[in-house]
Amino acid sequence: MSAIFALANQKGGVAKTTTTGTLAAGLKKQGFSVLTIDCDPQGNLSMSVAAENQDSATMYEVMKGTVSAREAIQHTPSCDIIPANTILAGIEQELHNVGKEMTLREKLRDEQTGVAEEYDYILIDCPPSLGLLTVNALTAADYLLIPTMAETFAASGITQLYDTYKSVKKYTNPALRIDGVLLTRTERTRVTKTIQELTEKIADYMGADVYRTTIRSNVIIKEAQAVQENVFDYIESKAQTKGERVSEASRNFVNDCLNFVKEFVEKEREQ
Ligand SMILES: Nc1ncnc2c1ncn2[C@@H]1O[C@H](COP(=O)(O)OP(=O)(O)O)[C@@H](O)[C@H]1O
Ligand SMILES: [Mg+2]
């Protein structure tokens with residue numbers, strides 16, 4: 001049985017997609033089987049792992065029910081993925097049925113064609129909104145993981161996400177829990193004890209943890225994404241195959257990612 005995580009925050013640019021990709025690749029390197037689901041019509045996660053999202057089955061067809069979750073899966077060096085493209089944006093208007101919030105949950109857990117039994121982890125990358133796609137992701141998930149940036153506005157936006165979380169718990173998924181809040185893109189020099197404290201206060205209010213690990217800002221993640229590789233493979237090929245210099249700051253960033261994967265795996269979760 002998979003543990004299913006929705007990575008959500010209605011704010012854009014807080015590293016939902018980056019965290020999904022890096023966590024998936026890190027878990028796979030530890031020997032876990034990992035499926036990622038691109039739930040964002042922008043398709044950034046699909047691009048970051050070089051999934052084919054123009055002529056292949058995508059999340060749109062899965063949500064429509066014309067293709068099964070299993071049929072839409074692609075295998076990449078970083079992780080398995082159900083990709084998405086801009087057409088997915090239309091799904092919010094196209095699903096009319098009662099219980100439309102349950103669509104993804106039902107597709108993943110379908111006895112014949114569902115894949116929830118087949119992976120150790122399923123990570124769902126949510127769009128930057130609290131609409132039907134995010135509600136579907138939260139309804140399908142066991143846990144909510146909240147990436148946020150170390151800045152005041154990002155921290156304060158979490159309370160809206162918390163309202164959505166509470167209503168999903170009330171109506172469509174009572175078992176949903178918050179796994180934690182992840183501080184990303186931090187600038188160590190300016191941090192920001194105030195932000196750390198604010199984030200902890202907000203997490204506290206939600207009854208959630210802030211992960212011990214924080215992910216600092218570094219350009220190497222952008223370089224890796226530009227060549228559609230995960231950062232672990234990218235740094236290895238840069239240092240070893242190409243013999244290029246990797247800065248200490250970049251190594252520190254990759255260590256943050258490794259530490260987060262470790263913390264994520266070790267975090268005790270009640271079954
Ligand atoms: N730790 C980091 N350091 C530097 N840039 C980052 C980091 N994490 C994410 N980014 C960049 O920030 C931008 C937004 O990240 P992304 O993961 O797409 O956010 P979201 O999915 O929440 O919109 C991307 O250009 C990404 O490359
Ligand atoms: Mg994104």
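At 9% relative accessibility, leucine 95 counts as buried in this predicted model. Leucine 95 sits in the loop that joins helix H5 (91-94) to helix H6 (103-109). Beyond its neighbours within four places in sequence, leucine 95 contacts Met63, Lys100, Thr103 and Leu132. Leucine 132 lies 37 residues away along the chain, with a C-alpha separation of 9.2 Å from leucine 95.

Leucine 132 also belongs to helix H7 (residues 132-140). Helix H7 is mostly covered, with nine of its nine residues buried. The buried set comprises Leu132, Leu133, Thr134, Val135, Asn136, Ala137, Leu138, Thr139 and Ala140.

The largest nonpolar core holds 50 residues. Within this core, Met59, Ile82, Ile124 and Met206 touch the most other members. Isoleucine 82 illustrates the environment. With neighbours within four places in sequence set aside, isoleucine 82 is in contact with Leu35, Thr36, Ile37, Asp38, Thr58, Met59, Val62, Ala69, Ala72 and Ile73. Met59 thus appears both among the core residues with the most contacts to other members and among the contacts of isoleucine 82. Another core, of 34 residues, lies apart from the largest one. Its members include Leu27, Cys79, Phe260 and Phe264. In soluble globular proteins, nonpolar side chains tend to be buried together.

The cysteines were examined next. The disulfide count is zero. Cysteine 39 is buried, at a relative accessible area of 0%. Cysteine 126 is likewise buried, at 0% relative accessibility. The closest cysteine sulfur to that of cysteine 39 is in cysteine 126, at 5.7 Å. Seen from the other side, the closest cysteine sulfur to that of cysteine 126 is in cysteine 39. A disulfide requires sulfur atoms within 2.5 Å, and the 5.7 Å gap is therefore too far for a bond.

Helix packing was considered around H1. Two packed helices are described by the angle between their axes and the distance between the axes. Helix H1 (residues 16-29) packs against helix H11 (residues 231-241) at an angle of about 75°, with the axes 8 Å apart. H1 is therefore roughly perpendicular to H11. On the H1 side, Thr22, Ala25, Gly26 and Lys29 make the contact; on the H11 side, Val231, Phe232 and Asp233 do so. By class, this contact has three nonpolar, two polar and two charged residues.

H1 also packs against helix H12 (residues 248-266). Here the angle is about 70° and the axes are 9 Å apart. This makes H1 roughly perpendicular to H12. Thr19, Thr22, Leu23, Gly26 and Leu27 contribute from H1, and Cys257, Phe260, Val261, Phe264 and Val265 from H12. The contact of H1 with H12 has seven nonpolar, three polar and no charged residues. Thr22 and Gly26 of H1 take part in the contact with H11 and in the contact with H12. Leu27, Phe260 and Phe264, which are in the contact of H1 with H12, are also among the members of the core of 34 residues.

Glutamine 30 lies in the loop between H1 and strand E2 (34-38). At 44% relative accessibility, glutamine 30 counts as partly exposed. Its contacts, not counting residues up to four places away in sequence, are Val261, Lys262 and Val265. Val261 and Val265 also belong to the H12 side of the contact with H1. Glutamine 30 and valine 261 are 231 residues apart in sequence, yet 9.0 Å apart in space, C-alpha to C-alpha.

Terms used: Residues are numbered from 1 along each chain as its sequence is written. Chains are lettered from A and ligands numbered from 1 in the order in which they are written. This is a predicted model: local features need pLDDT of at least 70, side-chain atom pairs count only at pLDDT 80 or more; totals for chains, interfaces and linings use all residues. Side-chain values use heavy atoms; hydrogens and water are left out. A nonpolar core is a set of buried Ala, Val, Leu, Ile, Met, Phe, Trp, Tyr and Cys residues joined through side-chain atoms within 4.5 Å. Buried means under 20% relative accessible area, exposed over 50%, partly exposed in between (1.4 Å probe, protein chains only). Contact means heavy atoms within 4.5 Å. Axes are lines fitted to C-alpha atoms, for helices over the stretch in contact, and angles run from 0 to 180 degrees between N-to-C directions. Helices (H or I, at least four residues) and strands (E, at least two) are DSSP runs, numbered from the N terminus. Angles under 35 degrees count as roughly parallel, over 145 as roughly antiparallel, 65 to 115 as roughly perpendicular and the rest as oblique. Ala, Val, Leu, Ile, Met, Phe, Trp, Tyr, Cys and Pro count as nonpolar, Asp, Glu, Lys and Arg as charged, and the others, Gly among them, as polar.
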